[in-house]
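I opened my notebook with a few plain questions about empty space, packing, strand pairing and backbone angles, and I wanted to write down only what I could look up.

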Amino acid sequence: MKSHVQVAVIGGGVVGASVLYHLTKLGWTDVLLIERSDLTSGSTWHAAGGFHTLNADTNMAALQGYTIRLYRELEEISGQSCGLHHVGGLTLATTPDRLDFLKAERAKHRYMGLETDILGPEEIARLSPITDVDGVLGALYDPLDGHLDPSGTTHAYVKAARLAGAEVALHTPVTGLTPRPDGSWTVATAAGPVVAEHVVNAAGLWAREVGALAGVFLPLHAMEHQYLVTDDIAEVYERDGELPHVIDPGGESYLRQEGRGLVIGFYEQACHPWAVDGTPQDFGHELLEVDFDRFGDRLEVAYRRYPCLERAGVKQVINGPFTFAPDGNPLVGPVPGLRNFWSACAVMAGFSQGGGVGLTLAEWMVEGEPSRDVFAMDVARFGRWITPAYTRHKVVENYQRRFSISYPNEELPVGRPMNVTPAYGVWRSRRAVFGSGYGLEHVNYFAGEDEALFETPSFRRSNAFAAVARECRAVRTAVGLNEIHNFAKYEVTGAGARDWLDRVMAGRMPKVGRLTLSPLLSPQGRIIGDFTISALAQDRFQLTASFGAQAYHTRWFERHLPDDGSVSLTNLSLARLGFQIAGPEARTLLSRVARADVSTAALPFLGVAEMEVGLSRAIVQRVSYTGDLGYEIYVPAAEQLALYEALTQAGADLGLTPFGMRAMMSLRLEKGFGSWLREYRPDYRPVETGLDRFVAYGKPTDFIGRAAALADRDAPPDRRLATFVVDADDADVSGDEPIWHDGRVVGFVTSGGYAHHVGASVAIGFLPVDLIAEGRAVEIEILGDRRPARLATRPLFDPDGVRLRG
């Protein structure tokens, strides 16, 4: 075994093997895979081996499609069979909501280039004669679905990597990880130490333990999972061709052919977390004790759906562990707080996602960033607030919901409340209906006395519709009050603060007492953040951005901080709280509680000032995401309730009304304002999203991403964001719906909803530049129904910005 390598990949399952292969494919061949036992030890060897493209996140679905298409390439390079069976797959719908969900997924696939289709019961029965279609409304059919040989596939990855120069050390447990001053790592193993410039944790069941060796907690947990293999079944082996996979979400089962019989597995409600206190070091090729009681009721359902199953003998029952993150997606990327330590773990669907995970991580390591937005599986989507107990409870919830419908407005209950602000009790007393993001409770809307304190999950307009309308009306006609804890807040100070921000941010730097909006760009010119920069002093700045991207952005900032100590970065997201007030009476309200001149002359649009507000020394910013006259008021967290009392008492006669995030997102649509991870994400660039107006192309500082941004400006992409008014029925867009023109898909929706003040269903989405014109007629497919829509080139509310700037 070498004593020094460029990359040490820890873990010899399918994910570690994929990472090894993709690193060599991109040119890094001085790489070593270290495996404690044999290849496939852990979860890989006992996996059912199925693969599919269906995923609620479009980029995850695309990476799964990449993984599936990769297997033929692997076979050609390695000469090793992956045991591929491309038989296609059916996901059944037995309820109208499930059919709506599958129609929405099919619509996404239209612009992703995935050839899926919605089939009726007769076609389902023709493809899968063993399936009883009683009660089945339809199914999503994907011709790419299938299964493979887990061992053969893993060995194919490794053989292909070895042919390119990679090395593999088997029966070599890792016993320690020590960071070195130059950013490399000493990897202690049973065979001696190895110095690695980079370390990849692809340890699967042992990923928690490997993370702990590096001093970090990775939020993942193993669950027991059972499936059974039948004896030969005549209805199976007497067919000319192989049966397609069938997923029956209502029965919480998946089924496929295995030789002359069947494999059927269950995601049962009576599930069981495994190895709560740590994975045993001597575990590897063992199976767990079978527990028929856990899936007995599901098996009864399966007998009705597949009658031949009840007559079949059981050849074997497999019960083995595999790992989940709290939301079910992998944990991939550079681990925050560590240099050159990478994660590739919690990949619960290794044969659907392993290739995409390996490609993504290799691109990140070799090229500096992935080729697509992978925030959905970025290890930095979870922060330091997360705990082992929270992780375990959410993993159980996710396992139980493996085949549940994901609604766009759904808020899951487990692990809440985790973190709250001082105002939480006040909001509860005012009948708030809460959501949660990044572990923090936030108000979605306020229910009336005769309304339920729960929003019904739906693809259509929910029971929150009337309440949100009331809140929007209050903002536009009087003044609304909204908590601003959903913004991440950072303070940047020091002699080098201004110059550092000027280099990191693409926008222009504000003068003292002013604020600017600025994209944060990657070196390749992709949008990795949209920030408000407020200059409180020449050497002191407040930055605000998405609350859920704190670890993601902090990781980026820390990577680029100067070594000379001239810049200090402090995350004040929960230490600095407050409220925004918005609406035509907002200035009147602020003038009653502020000991300062808040006239337009003294505090103009995009101005910022420190002043007394109520009992506090506050930072007041003249800006509002509602697109109305408004102010953001920040105070120390301990003084948030005092600020609330001051504002509510002073605003009683002005019609002051609290409003939540549902109203906020409705109001921003009327101005065409974009949102992080919807309109602004690493898949997109400033010139196609409208953020180019905030890029200071001509500033003398060579900011990160400048060369790419200039190239885009001079040769812009052929698409751009546009706003549409939709002739909707009882369902509005939520994102990823295809946009049709002249009978073909020409674009897709990024976000939308109902804009209550203007009384219109609104969508924002990408359209070819040559089609963008006032009134352009298109169709937007909502739940399988193409709805007429027209393009609007000016904001639907306050198009000239009189209220916003007045």
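What follows are my entries, grouped by topic, on a model that is predicted.

**Entry 1: enclosed space**

I began with cavities, and my search of the whole structure returned 3 of them with a volume of 30 Å³ or more. The largest cavity holds about 50 Å³ of space, and when I listed its lining I wrote down Trp427, His442, Val443, Asn482, Glu483, His485, Phe659, Gly660 and Met661. Two elements give two or more residues to this lining, namely strand 21 (440-446) and strand 22 (479-483). Sorting the lining residues by type, I noted 4 nonpolar, 4 polar and 1 charged.

**Entry 2: the second largest pocket**

Next I turned to an open space, the second largest pocket, which has a volume of about 760 Å³. Its lining is made of 30 residues, and those closest to the centre of the pocket are Pro334, Trp364, Arg555, Trp556 and Arg559. Which element gives the most to this lining? I found that helix 15 does, with 6 residues, and that strand 19 (341-345) and helix 15 (550-560) each supply at least two. By type, the lining of this pocket divides into 15 nonpolar, 6 polar and 9 charged residues.

**Entry 3: nonpolar cores**

I then looked for buried nonpolar residues that join up through their side chains, and the largest core I found has 89 residues. Leu177, Val187, Leu501, Leu543 and Phe557 are the ones with the most contacts inside this core. Its largest share, 5 residues, comes from strand 25 (residues 527-537). I also noted a second, separate core of 47 residues, which includes Leu63, Leu70, Leu84 and Trp364; Trp364 had already appeared in my pocket entry, among the residues closest to the centre.

I followed Phe557 further, setting aside its neighbours within four places in sequence, and listed its contacts as Trp500, Val504, Met505, Leu520, Phe531, Leu543 and Leu569.

**Entry 4: strand 38 and its partners**

How many bridges join strand 37 and strand 38? I counted 6, with strand 37 (residues 777-782) running antiparallel to strand 38, and one of the bridge pairs is Val778 with Ala789. Strand 38 (residues 785-792) also pairs in the antiparallel sense with strand 33 (residues 719-726), over 4 bridges, and there Phe724 has Leu791 as its bridge partner.

Strands 37 and 38 form a hairpin with 2 residues between them. In its turn I found Leu783, whose phi is positive, about 55 degrees, although Leu783 is a residue other than glycine. Is Leu783 buried or exposed? Leu783 counts as buried because its relative accessibility is 13%, and the cut-off for buried is under 20%.

**Entry 5: Arg794**

Past strand 38, in the loop that leads to helix 21 (802-805), I looked up Arg794. Its relative accessible area is 45%, so I recorded Arg794 as partly exposed. Leaving out residues up to four places away in sequence, Arg794 touches Glu774, Pro799 and Asp800.

**Entry 6: two backbone details**

Last, I noted a cis peptide bond between Arg416 and Pro417, with omega at about -10 degrees; Pro417 sits in the loop between helix 11 (388-400) and helix 12 (424-429). I also noted Ala275, which has a positive phi of about 55 degrees without being a glycine, and which lies in the loop between strand 16 (273-274) and helix 8 (292-305). Ala275 counts as buried, at 15% relative accessibility.

Definitions and conventions
Residues numbered from 1 in each chain as written. Predicted model: local features only at pLDDT ≥ 70, side-chain atom pairs only at ≥ 80, totals over all residues. Heavy atoms only, no water. 1 Å grid on protein atoms, 1.4 Å probe; cavity = no way out; pocket = protein on both sides within 12 Å on 5 of 7 lines; lining within 4 Å. Points joined across faces, edges and corners; volume = space filled by probe spheres on them. Nonpolar A, V, L, I, M, F, W, Y, C, P; charged D, E, K, R; others polar. Core = buried A, V, L, I, M, F, W, Y, C linked by side-chain atoms within 4.5 Å. Buried < 20%, exposed > 50% of the residue type's maximum accessible area, 1.4 Å probe, protein only. Contact = heavy atoms within 4.5 Å. Pairing = 2+ DSSP bridges.
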